[in-house]
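Visitor: Please take one helix of this model and go through it closely, along with what it packs against.

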Amino acid sequence: MWERGEVQRKFPPETRDRLLREAVGTESWIIEGVHHKWGQESFERADVIFIISPNRLVRDVRILRRFVRTRLGLERANYKQSFRNLRMMLLEWNKGFDRVSMNEIMGLTQPYASKRVIVKKNVEIVRYIQNNG
């Protein structure tokens with residue numbers, strides 16, 4: 001999705017899609033992020049689809065922590081960390097995630113429900129892999 005370097009830029013959709021096809025064409029890979037609208041090919045080819053769904057308060061705290069860390073220069077961001085952006089992330093994106101995005105994710109992964117695992121914390125993924133790997 002993002003071109004990493006001095007300047008953080010989004011890849012054009014053609015490049016992004018080509019890179020996704022290349023990744024899922026290899027023997028082992030991990031795709032991470034909220035890329036459900038364009039990542040369907042990865043769902044089809046995945047052995048396991050982990051959906052991490054922490055509660056909204058946890059996400060709010062993480063958004064605030066990321067905002068502070070990037071503003072202090074302790075962490076890099078893919079986009080400008082402004083107070084306007086913070087407001088949008090907390091009040092629009094995060095508030096709507098459960099209502100809109102999670103419903104989309106569940107719908108898009110429904111054909112692969114047998115390999116879908118919903119967790120609240122990353123540690124649950126580690127336990128799953130240890131027990132089923």
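Guide: What follows is an account of helix α3 and then of an aromatic pair in helix α4. This is a predicted model, in which local features need pLDDT of at least 70 and side-chain atom pairs count only at pLDDT 80 or more, while totals for chains, interfaces and linings use all residues. Residues are numbered from 1 along each chain as its sequence is written, and side-chain values use heavy atoms, with hydrogens and water left out.

Helices are DSSP runs of H or I with at least four residues, numbered from the N terminus. Helix α3 has 16 residues, 56-71. The expected span is 1.5 Å times one less than the number of residues; for α3 that gives 22 Å, and its end C-alpha atoms are 22 Å apart, which agrees. At the start of α3, a side-chain oxygen of N55 comes to within 3.1 Å of the backbone nitrogen of L57. After α3 comes G73, with a positive phi near 80°.

Buried (under 20% relative accessible area, 1.4 Å probe, protein chains only) applies in α3 to R59, D60, I63, F67 and T70. These residues cover an arc of only 105° around the axis, taken from the directions from the helix axis to the C-beta atoms, which puts them on the same side of α3. They pack against α4, residues 83-109, where contact means heavy atoms within 4.5 Å.

Within α4, W93 and F97 are four residues apart, about one helical turn. W93 is partly exposed (20% to 50%) at 32% relative accessible area, whereas F97 is buried at 6%.

Terms used: Helices (H or I, at least four residues) and strands (E, at least two) are DSSP runs, numbered from the N terminus. A polar contact is a pair of N or O atoms within 3.5 Å; within protein, one must be able to donate a hydrogen and the other to accept it, and residues adjacent in sequence count only if both atoms are side-chain atoms.
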